[in-house]
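I opened this notebook to record how aromatic side chains meet in the structure and how far they are shielded from solvent. The entries follow the order of my look-ups.

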Amino acid sequence: MSSSFNVVEMIDISKSFFGVKVLDNVSFAVTSGEIHALAGENGAGKSTLMKILQGVYTMDSGVIQIAGESASIHSFQDARKYGIGMVFQEFSLVPELSVAQNIFLDREHKNKLHFFNEKETIRQSKLVMEELGLDIDVTVKVSTLGRAFQQLTEIAKAIAGDAKILILDEPTASLAKEEVDALFKVLKQLTLRGVSIVYISHRMDEIYQICDRITILRDGKKIAVSPLAEITPQEIIAHITGRKDVQMLSHEGKSVERSVVPIFEGIGICVGERVNNVSFKLYPGEILGLAGLMGSGRTELVRAIFGMDKKDEGIVSIEGKEVSIKSPRDAMSHGIAFIPEDRRRQGLVMEHSVKQNILSANLSSLSHLSFLNYTKINGVVQDAIINFEVRPAEANREVRLFSGGNQQKVVISKWMATNPKIVLMDEPTVGVDIGTKVEIMKLVRSIAAEGKSVILVSSELPELLGVCDRILVIRKGEIAEELDRREIRDEDHLQMIVQGIRI
């Protein structure tokens with residue numbers, strides 16, 4: 001940290017929604033040039049606190065001070081005036097506009113006739129990129145950029161707006177390791193200029209790598225604030241969850257019977273330019289991990305298996321019999337379920353209730369002669385809520401009002417209610433807190449313990465190492481390595497294999 005002066009101080013902030021208090025007299029401060037982690041379970045109040053600072057929400061009570069002076073923030077414009085910028089999990093970029101146009105959106109450069117001055121916008125955008133040490137063509141459409149460069153464009157947009165305080169909400173949720181490294185390099189450079197960064201993340205390793213201090217919220221209250229050098233990961237987890245017994249899962253070393261007929265077999269699967277001649281087998285009760293860098297083809301492979309993307313070539317067999325899967329309906333008829341990476345857009349209807357979402361994949365099995373069996377319906381929904389510990393246990397509550405972790409539990413419970421044989425999971429713990437990550441990985445184990453088979457795509461190597469029986473390393477759309485879990489020593493060993501480094 002370059003200074004002990006508080007550039008931001010939020011004092012006794014309280015906020016309620018519909019009579020439910022989500023922030024209870026929370027105080028939070030950030031110093032100049034500091035990267036300050038803000039941690040807590042989903043629903044702890046992190047995003048609400050930062051949205052108050054950004055002007056999205058208005059606090060019920062409390063005081064905000066910027067550089068020691070009282071600040072009144074009721075809108076994005078107010079926040080910008082005080083030098084506050086926020087990069088949300090959902091980007092605010094316009095895909096069909098250029099990088100330069102996005103950077104200066106709402107602040108366009110104009111010529112003497114008040115027409116848009118594209119030449120000056122491009123020139124200023126290049127200066128911003130050079131200042132951040134980024135090699136991004138500012139003339140290309142944002143839609144042509146990878147997610148990492150979109151993330152960096154969002155940061156460039158905030159810095160171009162003269163942000164002195166930058167709030168990042170889960171900035172690495174969908175980034176590969178080398179992309180994370182590039183982001184961290186930019187963040188460190190910003191702090192040298194005196195920019196203060198609030199870093200919201202559930203990833204413990206990243207918090208220790210990049211942050212100076214941490215503030216922990218639980219149930220809308222501030223639980224702890226500490227320099228990272230003075231607090232252990234176990235203490236952080238205990239503060240976040242309120243429990244001292246939460247530990248990341250260690251591998252159980254169970255054996256899988258592979259002399260039997262595979263539950264699933266793919267031969268020569270090809271999907272566009274992303275998946276090239278992939279063949280593998282999946283056995284009953286097995287958890288098969290797919291590891292690889294961003295863009296390696298993991299997601300495209302599982303989407304093709306589920307019929308969401310068209311296979312160009314390849315044969316698929318279920319329990320030894322060749323089947324044709326051209327749509328999700330075909331996949332479901334063969335006992336395949338799919339938990340997608342983007343739960344908000346692909347896994348749920350956010351305006352519908354928990355009950356409606358759980359039933360969306362199950363109506364055909366809950367009706368007879370076109371009449372719905374409401375007794376059976378209510379039983380399925382209640383069983384799902386109880387078995388998957390959805391909190392709060394309110395079946396008729398809109399799913400958008402739940403935390404990210406509980407939304408993910410609804411997605412999983414919806415598909416498990418179909419009683420599948422094979423469960424495809426694409427990044428099932430993205431954007432959920434440490435406690436819920438452990439819960440979801442325990443669910444993965446319990447699914448396999450029932451004799452079902454799981455294909456797990458995850459960028460979280462500790463998750464793969466904790467629950468998988470076998471791991472396929474996908475590189476440039478092909479299976480580069482097939483590893484029994486017992487062959488992998490530790491996370492660093494797997495990381496090197498994913499990167500293509502053998503020792």
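I call a residue buried when its relative accessible area is under 20%, exposed when over 50%, and partly exposed in between. The model I am reading is predicted.

Entry 1, burial of a tyrosine. I looked up Tyr199 and found 0% relative accessibility; under 20% is the cut-off, so Tyr199 counts as buried.

Entry 2, total. I counted 5 aromatic pairs in the model.

Entry 3, Phe17 and Tyr57. The ring centres lie 5.0 Å apart and the planes stand at 70°; over 60 degrees is edge-to-face, so I entered this pair as such. Phe17 belongs to strand β1 (residues 6-17), whereas Tyr57 is in the loop between α1 (46-54) and β4 (61-66), so the contact ties together parts 40 residues apart in sequence. I noted Phe17 as partly exposed, at 26% relative accessibility. Tyr57 is also partly exposed, with a relative accessible area of 26%.

Entry 4, Phe184 and Tyr199. I found the centres of these rings 6.1 Å apart and their planes at 65°, so this pair is edge-to-face. The pair links distant parts of the chain, 15 residues apart: helix α6 (residues 177-192) holds Phe184, and strand β8 (residues 196-200) holds Tyr199. Phe184 has a relative accessible area of 5%, so I listed Phe184 as buried.

Entry 5, a cluster. I traced ring pairs that join Phe306, Phe338 and Trp415 into a cluster.

Entry 6, a charge over a ring. I located the charged end of Arg397 over the ring of Phe402, 5.3 Å from the ring centre.

Key:
Residues are numbered from 1 along each chain as its sequence is written. This is a predicted model: local features need pLDDT of at least 70, side-chain atom pairs count only at pLDDT 80 or more; totals for chains, interfaces and linings use all residues. Side-chain values use heavy atoms; hydrogens and water are left out. Rings of Phe, Tyr and Trp (its six-membered ring) pair if their centres lie within 6.5 Å; planes under 30 degrees apart count as stacked, over 60 as edge-to-face and the rest as tilted. Helices (H or I, at least four residues) and strands (E, at least two) are DSSP runs, numbered from the N terminus. Buried means under 20% relative accessible area, exposed over 50%, partly exposed in between (1.4 Å probe, protein chains only). A charge sits over a ring if NZ of Lys or CZ of Arg is within 6 Å of the ring centre and within 35 degrees of the ring normal.
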